[in-house]
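Work through the exercises below with the structure open beside the text. Each task is followed by a solution in steps.

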Amino acid sequence: MEIFAQQLVNGLVLGSIYALVALGYTMVYGILGLINFAHGDITMIGALVSITVVQLLAAAGMPAAVTLVLAGGVAMVVCVILGVSIERVAYRPLRRAPRLAPLITAIGISILLQYSAALIWGKQYIAMPELIEPTRISIAGAQLTDLQAAIFLLACLIMAGLLWFIKTSRMGRAMRATEQNPDVAGLMGVNTNTVIAFTFVLGSAIGAIAGLMVVLYYGLGHYFMGFMLGLKAFTAAVLGGIGNVAGAVLGGLLLGVIESLASGYIGDLTGGVLGSNYRDIFAFLVLVLVLVLKPSGLMGQHSGDRA
Amino acid sequence: MQMHSLRHTAAALITGALIAGCGQDAPAPKAAAPAAPQMLTIKIGSASPLTGPQAHIGVDIRNGVQLAIEDANTANIEIGGKKARFEMVAEDDEANPTKATTVAQKLVDAKVAAVVGHFNSGASIPASKIYSDAGIPQISPSSTNPKYTQQGFKTTFRVVAHDDQQGPTLARFAAKTLQAKRVAVIDDSTAYGQGLADAFEKTIKEQNIEVVAREHTTDKDTDFRAILTKIKGNKPDLIMFGGIDPQAAPMIKQMKELGIKAGFIGGDGMQTPNFIKIAGDASDGAMASIPGLPKEQMPGGTAFLEKYKAKFGQEVELFAPMGYDAVMVFIDAMKRAGSADPAKFLPEIGKTNYQGVIGPIAFDDKGDLVNGPITIYVVKDGAWKPLETVKPDAAAAGK
């Protein structure tokens, strides 16, 4: 039971990071019908920028809290500028092009970001200086560090805030209108270009925070880290129903927990034939099952034939 | 529509992976000036990862090779009565088995006389077939997977102890010095990591110590909490990891965070400064074996370390002395054969009896280093400190 509780904690924290990144995929998909493959790499840029900021500030002897806030702030600014420029330069000119064109462009941008990062930061793993010695809290036999708790709570806060924002604010309503039909929304006086740019602002800023969380959590960053993270987050978005914000949250948390439980129990379940390195089989098996039974994902609704 | 777009996505992903797979090559050194008539120009290949997460170790090897070649050129060596000039051809295998074969073919095509490399066992093994077919001798400075020299090739040598020696040495150390009773074993599913872990596990069982868990991860992962949580339930007093530092460092960190009090031990892949840098305070008490003597205790160590630092402005990472000696072993064999023709000097390599930086070098009939020592290190006060040096053959005899 203690082990199970611990695996649940492991999975929820991992899942909350997946969920944050998945939000970026799902929001852009919802509005543009585009899978923004560069999003994982924007998260990577956020992660590496925050490592650099922390390295600089820690050397200058700044207190940990200030360092963290500044690192998050700088990473957000960089990622937002990057996200909006990518949308403006790479996606907007292709908005009416066949769907495959922006998808390939997105992959191109993803590779561009990876190798630019390799040029700037080098291809080696970069260590994140340890800012705060993690203290351990014990809940129902499970060990939880204050950092894990902070990551989970902050992720929940951001996700709840985003849902509330989309539901209640004027911009949120414009986003939902653009999602349903950009042309009609435009006729009703919604500036769809602004709405789309704003979607990238939101997604990139949240991605930057997720990047900071990853380097805090694992203590290292790498120019290629966005690839796997992006793939997992994209899977989470599809699992929850791509285009649906609450679905991305559910999908992310679910994927994290499935992965964790699979790593923990796959060896025992298969009598040692499959080791924990096969955990992704479980995650993707669940994905296939969900898509077979409910092609739009767990919380996805059919948005007509527009997508 | 959804399924349709997903199919596109899959296709695009594969395309993306293919594109990403075509990394850049390290720029090959410029062609040397045309040699004087009585000069013999001898090319020596160096193959190791010069980019990627293991670049720091690969560059270290290349630096060792470069240093040896410069020293050999200053020494005005004559081979078969002709003045010899040595030249390095350095290639980047990205620690990737597929890339390693491409690089091997490139070196063969460049007509190198001999190759120092590769770093990873997973790269050395596939590449060795290409060198063997071309009749070019290969000395790996660092590949410790036993299979490397067990393929029946006459061209494969190594100047490190292998995992069938390293793994058991670690296991005997765990049994005798650490008095371990319950051991958990994790590997990174690579030829090196799994080979090391398998050899360790085998000897541990022979010592009648219980292996309470055997887990696998990959060499890309950074989240081991799920595996470690499972292992925690098995209550080990020692966790052994077969793998390299980008995994070992987060692993020990997460171990401490989960409140696992077991010891942590691994092979040479995690005995790096980077391990301590990434893991921070959590690295304290971690143990790792490394083939060879501590670099300060090598017979030619102090002089080499100083020379290396003066030349490259940084400390020796790991395998530079082995890379250096590998070149010297080749040159020694060429001198004795009076030829730089691989067909002529290859038989001489097997008869090597050379006093290198790392100590006496001689090979057995498979090409393995005879009686290579293994040293076990522990992290103390933020640095790797030598704990115990074992000669594998002596240890095996004394068990």
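**Exercise 1. A backbone outlier in a loop**

Task: Locate B:N76, then state whether B:N76 is buried or exposed.

Solution. B:N76 sits in the loop that runs between α2 and β2 (78-79) of chain B. Bear in mind that the model is predicted. Next, count the surroundings: 9 other C-beta atoms lie within 10 Å of B:N76. The cut-off for exposed is 12 or fewer, so B:N76 is exposed. Finally, look at the backbone: phi of B:N76 is near 50°, a positive value in a residue other than glycine.

**Exercise 2. A second positive phi**

Task: Carry out these steps for B:K235, which lies in a loop of chain B.

Solution. The loop in question is the one between α7 and β9 (238-242) of chain B. Phi of B:K235 is near 50°, and B:K235 is not a glycine. The neighbour count is 14 C-beta atoms inside 10 Å, so B:K235 is classed as partly exposed. That class covers counts between the exposed limit of 12 and the buried limit of 20.

**Exercise 3. Strand β4 and the loop after it**

Task: Describe the setting of B:V116, and find which residues the cis peptide bond joins.

Solution. Start with the position: B:V116 belongs to strand β4 (residues 114-117) of chain B. There are 35 C-beta neighbours inside 10 Å, so B:V116 counts as buried. Then list the contacts, leaving aside neighbours within four places in sequence: B:I44, B:G45, B:S46, B:V65, B:I139, B:P141, B:G323, B:A326 and B:V327. For a longer reach along the chain, take B:Q355: it is 239 residues from B:V116 in sequence, and their C-alpha atoms are separated by 18 Å.

The cis peptide bond joins B:G117 and B:H118, with omega about -5°. B:H118 falls in the loop between β4 and α4 of chain B.

**Exercise 4. Two domains in chain B**

Task: Give the domain bounds of chain B and describe how the two domains touch.

Solution. First, the overall make-up: chain B has 13 helices and 15 strands, and 57% of its 399 residues are buried. Of the contacts in chain B between residues at least 6 apart in sequence, 69% join residues at least 24 apart.

The domain assignment divides chain B into domain 1 (39-161 + 297-361) and domain 2 (164-291 + 374-397). Their C-alpha centres are 29 Å apart. At the contact, 14 residues of domain 1 of chain B meet 16 residues of domain 2 of chain B. On the domain 1 side, helix α4 (residues 121-134) of chain B gives the largest share, 3 residues. By class, this side has 6 nonpolar, 7 polar and 1 charged residues.

**Exercise 5. The contact between the chains**

Task: How many residues does each chain put into the contact, and which element of chain B gives the most?

Solution. Chain B supplies 37 residues and chain A supplies 38. Elements of chain B that each give at least two residues include α1 (2-21), α2 (55-74) and β8 (210-216). The most comes from α1(B), with 8 residues. The chain B side has 13 nonpolar, 16 polar and 8 charged residues.

**Exercise 6. Helix packing in chain A**

Task: Describe the packing of α2(A) with α8(A) and of α1(A) with α5(A).

Solution. For the first pair, helix α2 (residues 39-59) and helix α8 (residues 192-218) of chain A pack at about 55°, with axes 7 Å apart. The two helices are therefore oblique to each other, and the crossing is right-handed. Their contact has 9 nonpolar, 8 polar and no charged residues.

For the second pair, the axes of helix α1 (residues 2-32) and helix α5 (residues 146-168) of chain A come within 9 Å and cross at roughly 35°. This crossing is left-handed. Among the residues in contact are A:L12, A:I17 and A:L23 of α1(A) and A:I151, A:F152 and A:L162 of α5(A). By class, the contact has 13 nonpolar, 2 polar and no charged residues.

**Exercise 7. A residue of α1(A)**

Task: State whether A:A22 is buried or exposed, and list what A:A22 touches.

Solution. A:A22 is in helix α1 of chain A. It has 35 C-beta neighbours inside 10 Å and therefore counts as buried. Not counting residues up to four places away in sequence, A:A22 touches A:A233, A:A236, A:A237, A:A248, A:G251 and A:G252. The C-alpha atoms of A:A22 and A:K232 are 8.3 Å apart, although 210 residues separate them along the chain.

Definitions and conventions. Residues numbered from 1 in each chain as written. Chains lettered and ligands numbered in written order. Predicted model: local features only at pLDDT ≥ 70, side-chain atom pairs only at ≥ 80, totals over all residues. Axes fitted to C-alpha atoms, helices over the stretch in contact; angles between N-to-C directions. Helix = DSSP H or I, 4+ residues; strand = E, 2+ residues; numbered from the N terminus. Parallel < 35°, antiparallel > 145°, perpendicular 65-115°, else oblique. Left-handed = near helix turned anticlockwise from the far one by under 90°. Nonpolar A, V, L, I, M, F, W, Y, C, P; charged D, E, K, R; others polar. Domains from an automatic or database assignment. Contact = placed C-beta atoms within 7 Å.
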